[in-house]
Amino acid sequence: MESQTELLLQRRHNTIGKYSPLFYEQPIHLARGEGVWLYDADDNKFLDCYNNVPHVGHCNPRVVNAITQQASTLNIHTRYLHENIVNYLERLTSTFAEPLNAAMLTCTGSEANELALRMARFMSGSQGIIVTDAAYHGNTEAVGELGTGFMPEAKATKRVRSFPIPDTYRGLPDVPPEALKDAYLKHIEKAIQAFQEEGLGVAGMLVCPDFANEGLLNIPEGFLEDAAEMVRAAGGYVIFDEVQAGFGRTGKHMWAHQWYDVVPDIVTMGKPMGNGFPLAGVVSNLDNVNAFTKHAMYFNTFGGTPVACAVGNAVLDALEEDNLLENAVKTGQYVTEGLLKLQQEFDLIGDVRSRGMFFGVELVLDKTLKTPAKKQAKQIVNFMRHHGVLISTIGPDDSVLKIRPPMPFKPEHADILLAALAKAFTAVSEEV
């Protein structure tokens, strides 16, 4: 007899298609969440070490109360005056450096990135966009063109060119470590020249400043600053996608790009912005926003509603009042130390990368050749799932364990994560 989960899976296949992706070889039928914990339909408990949408915790009481209170009062779009959107955007933009002082709100990160593309192309008068060769920035048609990691639109477009991911761990063939920065910059220079020769021009460069989908990279020092300068010299705009890395995840700063000596022209946000409520947006300077909206008359029916902005404020309240950036530094260091100890014990771990509450563990079959251990990474993710801890994989070869827990994650939760990883590595290493 089929279980309730199996029946639900078949119903899902019959309604949204059998190719709609699911995590884990044995999908989880989730029923509820609280803080850093998730519970399935049989009330089995899972430690969530992956989801950044519930940024300040699953079912955060501040967020739930904000939704309830504002939805019971008024919810309408932004073509009416309302204090919530003004209050929220004044508060949000105050977390950025000048001249980033104005914003437009959307519902999703995909929408935000598409809006940023429209702005950059309008303001520059050009079309070409530069991304990494393992990028993902959403799933609309225009943003799909940027998805060199796996989106089909990226294979056919002429408006997007990529450069190799700036990875100090793997580097480039026959390039010594001290020459990596210049070698990666050469690829950006080639992309700029190609766009100019084809008459498309350079509209901008769009990257995640944490290079999260690329594997949470450690990049050559000075690379991002020099790349931004090159793009601007060609008439393009620097766009940073903070959908994964923003809102204090990196610990020391509110935004991942603040680790570098470069202020972008445009920033996009999503996922954690609404803690599960559809809220995303674009930040730029007021001159850019005015120029674009005069041209395009941008508005959004659901982006920036009174409820959405009440939720956004509640997320900022939680970050500040619960000292979650400070927690990301403290707990992040604790997790990193534990991962480095595991690296000494298990040959599968080639590299440990971290920043605040974001961790990448690159698995290799050989530490000299750095052969990606894709199969073993998948095995570990599924082993962890069966032992009550949820993580995933990233990187060009899906060989990097992606660990990105909600921000209230504490050292006592980290102990559970690290113990489960030790068991997983022991089990999988015995099969290698």
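**View A. Asn275 is buried, with a relative accessible area of 9%.** Here buried denotes under 20% relative accessible area, exposed denotes over 50%, and partly exposed covers the range in between, with a 1.4 Å probe and protein chains only. The model is predicted: local features require pLDDT of at least 70 and side-chain atom pairs are counted only at pLDDT 80 or more, whereas totals for chains, interfaces and linings use all residues. Residues are numbered from 1 along each chain as its sequence is written, and side-chain values use heavy atoms, with hydrogens and water left out. Asn275 lies in the loop between β9 and β10 (280–284), where its phi is near 55°, a positive value in a residue other than glycine. Helices (H or I, at least four residues) and strands (E, at least two) are DSSP runs, numbered from the N terminus.

**View B. Phe247 is a non-glycine residue with positive phi, near 60°.** The residue is placed in the loop between β8 (237–241) and β9 (266–269). Phe247 is buried, its relative accessible area being 0%.

**View C. Glu98 and Pro99 are joined by a cis peptide bond.** Omega of this bond is about 10°. Pro99 belongs to the loop between α3 and β4 (102–106).

**View D. Arg159 and Glu145 form a salt bridge.** A salt bridge is counted when a side-chain nitrogen of Lys or Arg lies within 4 Å of a carboxyl oxygen of Asp or Glu; by this rule there are 15 salt bridges. In general, side chains of opposite charge can pair when their charged atoms come close. The closest N and O atoms of Arg159 and Glu145 are 3.0 Å apart. This pair links distant parts of the chain, 14 residues apart: Arg159 is in the loop between α6 (153–156) and β6 (160–163), and Glu145 is in the loop between α5 (141–144) and α6. Arg159 is partly exposed, at 25% relative accessible area, while Glu145 is buried, at 14%.

**View E. Lys186 and Glu189 meet in a salt bridge within helix α7 (residues 180–197).** The N to O distance is 3.7 Å. The two residues are separated by about one helical turn because they are three residues apart in the helix. Glu189 is partly exposed, with 30% relative accessibility.

**View F. Arg232 pairs with Asp265 in a salt bridge.** Their closest N and O atoms lie 3.2 Å apart. Distant parts of the chain are linked by this pair, with Arg232 in helix α8 (residues 223–233) and Asp265 in the loop between β8 and β9, 33 residues apart. Arg232 is partly exposed at 33% relative accessibility, and Asp265 is buried at 18%. Elsewhere, Arg170, Asp351, Arg353 and Glu362 are joined into one network by salt bridges that share partners.

**View G. The largest cavity has a volume of about 70 Å³.** Rolling a probe the size of a water molecule over the atoms shows where empty space is left. On a 1 Å grid over the protein atoms alone, a cavity is a set of points where a 1.4 Å probe fits but cannot get out; a pocket is an open set with protein on both sides within 12 Å along at least five of seven lines, and lining residues have an atom within 4 Å of a point. Grid points are joined across faces, edges and corners, and volume is the space filled by probe spheres set on the points. The whole structure holds two cavities of 30 Å³ or more. Lining the largest cavity are Pro209, Asp210, Leu216, Leu217, Asn218, Tyr260, Arg353, Ser354 and Arg355. They comprise four nonpolar, two polar and three charged residues; Ala, Val, Leu, Ile, Met, Phe, Trp, Tyr, Cys and Pro count as nonpolar, Asp, Glu, Lys and Arg as charged, and the others, Gly among them, as polar.

**View H. Tyr80 and Ile76 line the second largest cavity.** This cavity has a volume of about 40 Å³, and its other lining residues are His77, Thr78, His82, Ile85, Gly304 and Pro306. The lining has four nonpolar, four polar and no charged residues. Tyr80, in the loop between α2 (61–71) and α3 (83–93), is exposed, with a relative accessible area of 54%.

**View I. The second largest pocket encloses about 640 Å³ of space.** Of its 25 lining residues, Thr5, Pro27, Ile28, His29 and Leu30 lie nearest the centre. The elements contributing two or more residues to this lining are α1 (4–16) and β2 (37–40), and α1 provides the largest share, six residues. By class, the lining has 13 nonpolar, seven polar and five charged residues.
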